[in-house]
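Work through the exercises below with the sequence and the coordinates at hand. Each task is followed by a solution in steps.

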Amino acid sequence: MGIATLDLNNGQTIPQLGFGVYQIEPEGTADAVRQALEVGYRHIDTAQMYGNEAGVGRGIRDAGVDREDVFITSKLNNGFHAPEDARVAFDLTLSELGTDHVDLFLIHWPLPTLYDGDFVATWKTLEEFYRAGRARSIGVSNFQVNHLRRLAQEADVVPAVNQIEVHPYLLNSEVRAYGAEHGIATEAWSPIAQGGVLADPAITTVADRLGRTAAQVVLRWHVQRGDIIFPKSTTPSRIQENFELFDFELTQEDMAAVSALDRGEEGRTGPNPDVFDYVPA
Ligand code: NAD
């Protein structure tokens, strides 16, 4: 069964399911991406910070899939928010990937305690890439509601997506609701909390009843909520398993049982975007 696609607020479409390459070693990335494309994935999520954009580009070429048939996302690294640095970094992203455009380019973190809190200037630089057609869509990642409000007041282009941590232990409902109200699609990162939710009895009970794996149940839960996901794996059987989400359905009760696992802020596994200030050396 084919992967669902979603319409972004600028008329571009995005496959709802993709393949994430965070923490895949640069040397192993081409192979993982090629495998994912052979399974049928057509959306790859990378970032400058992951150090593996070149492997993503090579994997696509190795698979013999047309560039135009793959949706590629990358993200601006934290040390490059100053407009002149962002321009150089973006040029490098395109050359590492071996393409003249990305489908989506994101500000990876808002870094409100750095750069005088000025992520708006950074955003306006991404608007340049968008207007030039070198990024077909632009968006943000890890933006909180107050960050999104500020962009709405001070910038022209509404982000196409906000990529945030979302999984059954952290529903991140406020940020998600703001996105839904303002046409900003939510991308859920660490959709299975890096495996941390898979042993939960509420999830395994549903999985056992449906004859599916816990990972499939959680990923399907995201799909039915309408979020975009890109689970990561380098294990061929899991790459395949995580792709098989469009031939079964969760009931309303199943959906509610998974959503009831929300632990609010305590469920967060990654950094808090309000204070995160890491800049790679
Ligand atoms: P994830 O929730 O996708 O979990 C990945 C881990 O779960 C794997 O390393 C593997 O150990 C395990 N796993 C995967 N499939 C499994 C299966 N079927 N059964 C059992 N275990 C399985 O976590 P992630 O990689 O952190 O997130 C996915 C993607 O989101 C990343 O690759 C990256 O593209 C993106 N991401 C973005 C940000 C951001 O700040 N924007 C942060 C983290 C991740």
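**Exercise 1: positive phi in two loops**

At 12% relative accessibility, N172 counts as buried, where buried means under 20% relative accessible area, exposed over 50% and partly exposed in between, with a 1.4 Å probe and protein chains only. The model is predicted: local features need pLDDT of at least 70, side-chain atom pairs count only at pLDDT 80 or more, and totals for chains, interfaces and linings use all residues. Residues are numbered from 1 along each chain as its sequence is written, and side-chain values use heavy atoms, with hydrogens and water left out.

Task: State in which loop N172 lies and give its phi; then do this for N142.

Solution.
- Step 1. Find the loop of N172: it runs between β8 (161-165) and α6 (173-182). Helices (H or I, at least four residues) and strands (E, at least two) are DSSP runs, numbered from the N terminus.
- Step 2. Read the backbone angle: phi of N172 is near 55°, a positive value in a residue other than glycine.
- Step 3. Turn to N142, which is placed in the loop between β7 (138-141) and α5 (145-154). Its phi is near 65°, again positive in a non-glycine residue.
- Step 4. Add the accessibility: N142 counts as buried because its relative accessibility is 4%.
- Step 5. Set this against the general pattern: most residues other than glycine have a negative phi.

**Exercise 2: the ligand site**

Task: Describe the surroundings of the ligand by class of residue, and list polar side-chain atoms that approach it, including one of S141.

Solution.
- Step 1. Locate the ligand: it sits in the largest pocket. On a 1 Å grid over the protein atoms alone, a pocket is an open set of points with protein on both sides within 12 Å along at least five of seven lines, whereas a cavity is a set where a 1.4 Å probe fits but cannot get out; lining residues have an atom within 4 Å of a point. A molecule sits in either if more than half of its atoms lie within 2 Å of its grid points.
- Step 2. Take the shell: of the 27 residues around the ligand, D45, S141, S190, Q194 and N242 come nearest. A residue is near a molecule if one of its heavy atoms lies within 4 Å of it.
- Step 3. Sort the shell by class: 12 residues are nonpolar, 10 polar and 5 charged. Ala, Val, Leu, Ile, Met, Phe, Trp, Tyr, Cys and Pro count as nonpolar, Asp, Glu, Lys and Arg as charged, and the others, Gly among them, as polar.
- Step 4. List the atom pairs: a polar side-chain atom of S141 is 2.8 Å from a nitrogen atom of the ligand, and one of E241 is 3.0 Å from a ligand nitrogen. For H108, a side-chain N or O atom lies 3.4 Å from an oxygen atom of the ligand.
- Step 5. Give the cover: the ligand alone exposes 830 Å², of which the protein buries 89%. Accessible areas come from the Shrake-Rupley method with a 1.4 Å probe.

**Exercise 3: residues apart in sequence**

Task: How far apart are the C-alpha atoms of T29 and G51, and of V120 and L148?

Solution.
- Step 1. T29 belongs to helix α1 (residues 26-39) and is buried, at 0% relative accessibility.
- Step 2. With their positions 22 residues apart along the chain, the C-alpha atoms of T29 and G51 are separated by 9.8 Å.
- Step 3. V120 lies in helix α4 (residues 119-131) and is buried at 4%.
- Step 4. V120 and L148 are 28 residues apart in sequence and 10.0 Å apart, C-alpha to C-alpha.

Key
Polar contact = N/O pair within 3.5 Å; in protein donor to acceptor, adjacent residues only side chain to side chain.
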